[in-house]
Amino acid sequence: MTSHAMFSRLLPSAAKSASTLALALAFAFPAQAAVPAPVDQPYPGTIVLKVDATNLSQQIFRMRMSVPVKPGPMTFLYPQWLPANHGPSGPLTQFAGLKFTANGKPVEWTRDPVEVFAFHVTVPEGVTTLEAEYQFLSPLDPGQGRIVMTDDIIGLQWPSVTLYPAGYVARRIQVQPSLTLPAGWQYGTALETAQRTGDEIQFKTHDLETLIDSPLFAGRHFKQFDLDPGAKVRVSLNVVADNPESLEAKPEQIAAHRAMVDQALKLFGSHHYQHYDFLLALSDDFGGIGREHHQSSENGVKPNYFTEWTRNEATRELLPHEYTHSWNGKFRRPAGQNVPNFNTPLQNELLWVYEGQTQYWGGVLGARSGLVSQAGARDALAATAARYDSVADRAWRAMQDTVNDPIIAGRRALAWSNWQRSEDYYSEGALIWLDVDTRIRELSGDKRSLDDFARAFYGIDKGSMLPAFYTFEDVVAALNKVQKFDWAPFLRSRVEGHGPGAPLDGLARAGWKLVYTDTPTDTIKAAEERSKSADFSYSLGFSVRADGGISNVVWDGVGFRAGLAGNATIVAVNSKVYKPEVLKAAVKAAKGGKAPIELLVKKGNTLRTIALDYHDGLRYPRLERIPGTPDRLEAIYKALK
C-alpha cells in the first residue's frame with residue numbers, strides 16, 4: 001500500500017475535503033496560456049489609440065483603444081523593456097483601470113502569474129473589435145517617479161499609455177494614435193501629424209516601434225526654433241517652459257545650437273532621420289530627463305537654461321549627447337539590443353560603446369559648437385577623471401559589469417556609490433574613448449582620429465532609418481580600418497581591468513595631466529551652486545548638502561575611516577554652527593597642523609563628535625598642461641571646417 005493510499009484510509013474525510021478544494025481551485029483558476037512569442041508577421045488590422053491628457057489637476061492620462069481581433073485566446077502586453085532605459089522600467093505601478101469590452105459587453109482579463117506585464121483575454125465568438133479603457137496615473141510627487149504632467153507642461157511617453165498584442169514583432173503592428181491636449185496648448189514631436197481639430201491631434205498611422213520611440217512635449221508656453229535653416233531635412237528645437245520669460249533665447253544662444261547640429265553632421269557625414277526634433281523642457285516642476293530616440297530626444301533642465309546662460313555651461317552637453325544617439329544607439333545599435341518587442345530582455349554588454357562613446361562625442365560636440373568653452377570642457381573632463389580615478393569599487397567590480405546596473409539597481413539611490421558602482425560605462429567609457437582617439441592620433445602622426453571612425457562606422461547608409469547592429473568584433477574591425485593596432489586586448493583591458501586608478505592614458509597622450517589645487521574650477525563652483533552642496537570629495541572624502549546632510553562618502557576616505565555615513569548631518573564644525581564656508585575654513589586652518597577637525601554630527605536622535613585627522617588642505621581637480629607635449633585636446637575640441 002502506498003503512503004498516499006494509507007494516508008487516505010486514515011483520514012478519508014480530510015482527503016475528500018482536500019480533493020474537493022483542489023477541484024474547486026482548478027475551476028476558479030484555470031491554467032494560463034503561455035504568452036505568445038513574437039513572430040515576424042503583420043498584425044491583421046490597425047489599432048486605434050486615443051489619449052486624453054487634459055486632466056492637469058490630478059495628472060491622469062486616460063486612454064481608449066480599439067483593437068481588431070478574432071475570437072479566441074489573446075494576450076496584451078504593457079511595455080516593460082523601454083528604449084534608452086536599458087532595463088525593465090515600464091511604469092506598471094501607474095497603469096490602472098483596465099477594462100475590456102466587446103459589442104458593449106465586458107470581457108474579463110487575467111494577469112499572467114509569471115510575466116506580470118501580460119494580460120490574457122478570451123475574445124468571444126462573433127467579435128471583430130475589442131475595446132480597452134485604462135489610465136496612466138502619472139506621478140504626483142518625485143517619490144513616485146519622474147513628474148511628466150504639470151499645470152504648464154506635459155511629457156507624453158507612449159510606452160506609459162500603450163497596450164499591444166503579444167505574438168507580433170513590434171514594427172509589424174500598426175497604430176493610429178490621437179491626443180487631446182488642454183485648450184490652446186502647442187506641442188513638439190517626431191510623429192507626423194495628420195490633422196488637428198481644435199485641441200485634438202490625430203497623428204498618421206505608425207508602426208508600434210516608431211510610436212513608442214517618438215515622445216511628445218506639449219505646453220502652455222511653447223516656442224520652436226529652426227536649427228538647420230534652409231536644409232531639406234528639418235531639425236527643430238521645441239521648447240516648453242513654466243513661464244513665457246524662460247523661452248526668450250538670444251540669437252547667439254540659438255546660433256550655438258545650430259553650430260552643434262552643423263558639427264554633428266560634419267562629424268558623421270550622414271543623417272538617419274526624416275526630420276529631428278529636440279524636445280526641451282525648462283522647468284522647476286517637470287522632471288529632469290535626458291533620453292534618446294531615433295528622430296527626437298527628451299531633455300529636461302532648469303528654467304534658467306537661456307536666461308542665466310553663463311551659469312549653466314555644464315548642462316549644455318545634454319543636447320549634443322542625445323543628438324549623437326541618433327547615430328550611436330538608435331541607427332547603429334549593439335547586437336544585444338536587437339529585440340522583437342518591448343517585453344523581450346535587452347542585452348547590455350556594449351553599453352560602453354553605445355553610451356560611453358556618445359558621452360565622449362557629447363563633450364566634443366559641445367566644445368566644437370561653442371555650447372561649451374574649451375576651458376569648460378577641460379574642467380568637466382578633469383571632474384570626470386578625478387571621480388573615476390578615486391573610486392575604490394574598481395578593486396572588486398570591473399567597469400564592464402556596470403552595464404548590468406540599469407537592471408540590477410534601476411537607478412535607485414545608493415548608500416555607498418563610491419564602492420557599489422553605478423552606470424560607470426557612461427563617463428568612464430568616455431575616458432576610454434579619449435584613450436582610443438589619442439592613440440589613433442599618436443600612431444598616425446595626427447593624420448587620423450576617432451572622427452574617421454565615426455564617419456566610417458555611423459555614416460553608412462545615409463538617410464536609412466533601419467537599425468544597423470554591431471558586435472565587439474565589428475567595432476574592432478572598424479578601428480583597424482582607421483588605424484592598424486591590436487585593439488581587442490586594448491579595449492578589453494580597460495573595460496574589464498581593475499586599475500589601479502581610472503584609464504587616464506588618453507589624457508596624458510592629449511598633453512594634459514590631472515592635478516589638485518585648493519581652488520575649485522568654475523565648473524565645480526557652478527555644480528555646487530546648482531546642487532546647493534559643498535564638495536569635499538578629494539579632501540575629507542564626502543560632500544555636504546545645503547542642510548548639512550552628508551552624502552557621497554568615499555569608501556575608505558578620511559570621513560569613512562572616522563565612521564561617517566550618508567545618514568548623518570553635520571551640526572557644527574570646531575564648535576561653530578555648520579555652514580559650507582565654516583568647514584572650508586576649518587580645512588584650510590588644519591593644513592600642515594596636527595589638531596583634528598572636529599565635527600558635531602547628528603544621526604537620528606544621537607549627537608556625537610567626530611575627529612577628522614586630515615591636514616592636506618582643500619583639493620579640487622583640474623587639468624594642467626604637460627610641458628613639451630602636443631596639445632591634442634585642443635585639436636579634438638576644434639570645430640570642423
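In helix α13, the residues F472, V475, V476, A478, L479, N480 and V482 are buried, and this description, like everything that follows, refers to a predicted model. The cover over these buried residues of α13 is provided by elements that include α6 (351–354), α11, α12, β23 (468–470) and α14 (487–496). One of the buried residues, N480, belongs to the helix that spans residues 472–482, and a polar atom of the N480 side chain lies 3.0 Å from the backbone nitrogen of F485. When residues up to four places away in sequence are set aside, N480 touches F485 and W487.

Another of the buried residues of α13, L479, leads from the helix to the nonpolar interior. The largest nonpolar core has 87 residues, and L479 is listed with L237, F278, Y323 and W352 as the members that touch the most others in it. In soluble globular proteins, nonpolar side chains tend to be buried together. For L237, the contacts beyond its neighbours within four places in sequence are K223, Q224, F225, L227, I254, H257, F278, L280, F306 and L319. Apart from this core lies another one, of 65 residues, which has F76, V123, F136 and V240 among its members.

V123 also leads to a sheet, since this residue of β7 stands opposite G72. The strand β7 (residues 118–123) pairs with β3 in the antiparallel sense, over 6 bridges. Both strands are part of an open sheet of 4 strands, whose order is β6-β7-β3-β10 and whose pairing is antiparallel. Because β6 (109–111) and β10 (164–165) each have a single partner strand, they stand at the edges, and one side of each is left without a neighbour in the sheet.

Further along the chain from β3 (72–77), the loop between that strand and β4 (95–102) contains G87. With a relative accessibility of 1%, G87 counts as buried, because the limit for a buried residue is a relative accessible area under 20%. Leaving out residues up to four places away in sequence, G87 touches Q80, W81, L82, P406 and I407. The C-alpha atom of G87 is also separated by 8.9 Å from that of N348, a residue that is 261 positions apart from G87 along the chain.

One of the elements that cover α13 is α12, and in this helix (residues 450–458) the buried residues are L450, D451, F453, A454, F457 and Y458. These residues lie on the same side of α12, because the arc that they cover around the axis is only 155 degrees. At the start of α12, a side-chain oxygen of S449 reaches to within 3.1 Å of the backbone nitrogen of D451.

Charged pairs make up the last part of the picture. Side chains of opposite charge can pair when their charged atoms come close. The structure holds 32 salt bridges, and one of them joins the side chains of R397 and D405, with an N to O distance of 2.9 Å. Within this pair, R397 is buried with a relative accessible area of 7%, and D405 is buried with 5%.

A second salt bridge is formed by R509 and E442, whose closest N and O atoms are 3.6 Å apart. Because R509 lies in helix α15 (residues 505–509) and E442 lies in helix α11 (residues 427–443), the pair ties together parts that are 67 residues apart in sequence. R509 is buried, at a relative accessible area of 10%, whereas E442 counts as partly exposed at 40%.

A third salt bridge brings together the side chains of D446 and R632, at 2.8 Å from N to O. This pair links distant parts of the chain, with D446 in the loop between α11 and α12 and R632 in helix α19 (residues 632–637), 186 residues apart. D446 is partly exposed, with a relative accessible area of 44%, while R632 is buried, with 11%. Salt bridges that share partners also join D435, R439, E442, R494, D505 and R509 into one network.

Definitions and conventions
Residues are numbered from 1 along each chain as its sequence is written. This is a predicted model: local features need pLDDT of at least 70, side-chain atom pairs count only at pLDDT 80 or more; totals for chains, interfaces and linings use all residues. Side-chain values use heavy atoms; hydrogens and water are left out. Helices (H or I, at least four residues) and strands (E, at least two) are DSSP runs, numbered from the N terminus. A polar contact is a pair of N or O atoms within 3.5 Å; within protein, one must be able to donate a hydrogen and the other to accept it, and residues adjacent in sequence count only if both atoms are side-chain atoms. Contact means heavy atoms within 4.5 Å. Buried means under 20% relative accessible area, exposed over 50%, partly exposed in between (1.4 Å probe, protein chains only). Two strands pair if DSSP finds at least two bridges between them. A nonpolar core is a set of buried Ala, Val, Leu, Ile, Met, Phe, Trp, Tyr and Cys residues joined through side-chain atoms within 4.5 Å. The arc is that of the directions from the helix axis to the C-beta atoms. A salt bridge is a side-chain nitrogen of Lys or Arg within 4 Å of a carboxyl oxygen of Asp or Glu.
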